[in-house]
Amino acid sequence: MQRTPLITYSNVRKSFSGAAGAVTAVDDVSLEIAEGEFLAIVGGSGSGKTTLLRLTNRLIEADGGTIRIAGEDIGRLEPVSLRRRIGNVFQNGALFPHMTVAANIGITPRLLGTPANEIAARVDELLGLVQLDRTAHRDRLPHELSGGQRQRVGVARALAAKPRIVLMDEPFGALDPLTRDALGQDYRALHDKLGLTTLMITHDITEALLLADRIAVMRTGRLVEVGTSAELAASREAYVTELMTTPRRQAARLAALLPESGAA
């Protein structure tokens, strides 16, 4: 049964002016993201993936085409109000350094006029969801946290106003491999538990394959292909085939290097 699209991009275009003239960052992209879906966008530097993410909450404005959320043209919505309806997770957490963990998590509900007692209860609830001890962490400042803890706080802040949509820009890229893997799996579990719709930007195809329901591949501003892991694995598109060789090669090398479980 096909799910209803929550985010729809129709012929979206965006260019930037540079010393050498206009550079097309997003070139006629059309894409649907279903409600409840976890979609990862992958591609190299300059592929347009981050620009597409920033267009989604109007941090920048499209030059052409239409983006709709739940059927509404976002170009007709007030930008700040739109952004407060969408959760955002950035690399390194992007926490306010002078604010405590609790204040960071509660900032969007506070801006929305949520009563203080409800914010306090929501902060405690979210700290539990992201597996941080509320007593030990709610009054700490960001510099007192590890990288993984900061990112967990960033996820909690993104969820504070109970958004339907979460946008993630290279959310785990700065973390060590063990923390990155654990936090990625923990976020995927939260995505499923809360019924979120997640759009994640990553340069790591392996991360995308492990976490996402579908993957959109971008190159030089254009959408090359969209599909499940199995569909991309069977692709005959040259760039997608090249992209998929990395996890295959790594898996083969690991299989050769690591003994089987239980081997002498």
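Two residues are in contact when heavy atoms of theirs lie within 4.5 Å. Keep that in mind for this predicted model.

Start with Ala233. This residue sits in helix α9, which covers residues 229-233. Leaving aside neighbours within four places in sequence, Ala233 is in contact with Met244 and Arg248. Met244 is 11 residues away from Ala233 along the chain. Yet the C-alpha atoms of Ala233 and Met244 are separated by 6.6 Å. Is Ala233 buried or exposed? Neither label fits: Ala233 is partly exposed, because its relative accessible area is 32%, and partly exposed covers the range between under 20% and over 50%.

Next comes helix α10, residues 238-257. Leu257 belongs to this helix. Leu257 has a relative accessible area of 66%, so it counts as exposed. Leu257 also helps to make a nonpolar surface patch, together with Leu254 and Leu258. The patch has an area of about 340 Å².

Now turn to Lys49, in helix α1. That helix runs over residues 49-56. Lys49 is buried, yet has no salt bridge. Which side chain of opposite charge is nearest to Lys49? It is Glu170, 4.7 Å away. A salt bridge needs a side-chain nitrogen of Lys or Arg within 4 Å of a carboxyl oxygen of Asp or Glu, so this pair does not qualify. Lys49 does have a polar partner in the backbone: a polar atom of its side chain lies 3.3 Å from the backbone oxygen of Gly44. Not counting residues up to four places away in sequence, Lys49 touches several others, including Ile41, Val42, Thr202, His203 and Met218. Glu170 is also one of the residues that Lys49 touches.

Note on methods
Residues are numbered from 1 along each chain as its sequence is written. This is a predicted model: local features need pLDDT of at least 70, side-chain atom pairs count only at pLDDT 80 or more; totals for chains, interfaces and linings use all residues. Side-chain values use heavy atoms; hydrogens and water are left out. Patches are made of residues with over 30% relative accessible area and no salt bridge: like charges are joined within 9 Å, nonpolar side chains (Val, Leu, Ile, Met, Phe, Trp, Tyr) within 5 Å. Accessible areas come from the Shrake-Rupley method with a 1.4 Å probe; for residues, only the protein chains shown count as cover. Helices (H or I, at least four residues) and strands (E, at least two) are DSSP runs, numbered from the N terminus. Buried means under 20% relative accessible area, exposed over 50%, partly exposed in between (1.4 Å probe, protein chains only). Lys and Arg count as positive and Asp and Glu as negative; His and the chain ends are not counted. A polar contact is a pair of N or O atoms within 3.5 Å; within protein, one must be able to donate a hydrogen and the other to accept it, and residues adjacent in sequence count only if both atoms are side-chain atoms.
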